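Visitor: I should like to discuss how this chain is packed. Please show the structure before we begin.

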Amino acid sequence: MLLEGRARSAETGDNYHPAFRAVRDVIGRDTKGKNMSFFTSHEVYLLIGDLETVQELYTTYNKIFDKHPVIKNVTMELTGRSILFAETDELWKKRRDAIRPAFYKGKLIEMIETAKDCMRGTLDRWTKKTEQNGDGSAKIDLINEISLMFTRIILKCAIGESLDDYEIDYWVDGVNVRSDVPFSLRNTFQKLLDRQFLPWCALFPYFHTKFIMPFERDILANCKALRALFEHMIKERRDLIKNNPEAAEKKGDLLSILLTDELFSLDNEMIIDECMTFFFAGSQTSSVATQNLVIHLLKNKHYGDKILKEIEEMVVKPHLEE
Ligand code: HEM
């Protein structure tokens, strides 16, 4: 966890920085078994590996911490000023409140239905692959397929379209090679994150938001193409709301929640920021967790058998007996 302790006006009169005071309060004096280390470089770092402490810092003590700006700055061209990396101020609170309805139980149940629909599309894709070979088998790039699977689901939940047949400008070495949207989203975001390790960015944080090399300018152009696409989707939805409000109401995705919210409805940039963030927060996390799970199960078949047996006994059989 990388956080930035934000100095607040002295509340307690001791000499601790508020961030360190919080850590001291949470951990108390009993640090035994709590994995922590402390070091200094050009900044002071306190690394915390104790899950309970991290949880407390994210919840009870959330308001006195900000995320360290490095990720916000390197991803700014794509995700803008979304809630994920924003400072915990009043605007952050209002944006968060506006997004909350997207995670109400009813909405999550709708999302599961959307996910099931998208999953059927993915299964069709895999079936077609096996049919092409004629012998019922197919070679699958597991990482790419799982990533594609979640990309389709989250895009549908965020903006109502999985954009399967859509192509977008995608720049490599100064040449526009065009790409599908999931590929561009995934790779552009990853390349933005990787920029923090470029020597000039690592040494001079000033460069986090400056794209100076030709390959960095490709990344910047790809960010702009993706944001332009999302802006186009917003425009189309605004037209739908105007011309066919009943059809628009049925959409029920994040885009329609934001377009009917007072704070967001007139600000395209803010809507793009949150849709992009919802997309990355939802797709890359689930995708990597599933990729790891599948690889572990392939390597340890007995766990897979145990899970299948449990599903059979706890879910399938009781269902058949009903
Ligand atoms: C295995 C799957 C997932 C993992 C491991 C995961 C993990 C996390 C973590 C650690 C954070 C906090 C990040 C931070 O504050 O720096 C976060 C925030 C967030 N996640 Fe997830 N997540 C997962 C799935 C999802 C899904 C499926 C969605 C949406 C459909 C989602 C939406 C969000 C959003 C919107 C935030 C920002 C919340 C805020 O800052 O107020 N996540 N996630």
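Visitor: Leaving aside its neighbours within four places in sequence, with which residues is Phe279 in contact?

Guide: The model is a predicted one. Phe279 belongs to the residues with the most contacts inside the largest nonpolar core. Beyond its neighbours within four places in sequence, its contacts are Ile154, Leu155, Ala158 and Leu185.

Visitor: Which element gives the largest share of this core?

Guide: The largest nonpolar core has 39 residues. Elements that give two or more residues to this core include α5 (105–133), α6 (142–159) and α12 (268–299). The largest share amounts to 10 residues, and the element that gives it is α6.

Visitor: How are α5 and α6 placed to each other: parallel, antiparallel, perpendicular or oblique?

Guide: The axes of α5 and α6 come within 9 Å, and they cross at roughly 140 degrees. The crossing is right-handed. Angles over 145 degrees would count as roughly antiparallel and 65 to 115 as roughly perpendicular. The angle of roughly 140 degrees falls in neither class, and α5 and α6 are therefore oblique.

Visitor: How do the residues of the contact of α5 with α6 divide into nonpolar, polar and charged?

Guide: On α5, the contact is made by Met111, Thr114, Ala115, Cys118, Gly121 and Thr122. On α6, Met149, Arg152, Ile153, Lys156 and Cys157 take part. The division is 6 nonpolar, 3 polar and 2 charged.

Visitor: What percentage of the residues of the protein chain count as buried?

Guide: The protein chain has 13 helices and 8 strands. Of its 322 residues, the percentage that count as buried is 24%.

Conventions. Residues numbered from 1 in each chain as written. Predicted model: local features only at pLDDT ≥ 70, side-chain atom pairs only at ≥ 80, totals over all residues. Core = buried A, V, L, I, M, F, W, Y, C linked by C-beta atoms within 7 Å. Buried ≥ 20, exposed ≤ 12 C-beta atoms within 10 Å, placed from the backbone. Helix = DSSP H or I, 4+ residues; strand = E, 2+ residues; numbered from the N terminus. Contact = placed C-beta atoms within 7 Å. Axes fitted to C-alpha atoms, helices over the stretch in contact; angles between N-to-C directions. Parallel < 35°, antiparallel > 145°, perpendicular 65-115°, else oblique. Left-handed = near helix turned anticlockwise from the far one by under 90°. Nonpolar A, V, L, I, M, F, W, Y, C, P; charged D, E, K, R; others polar.
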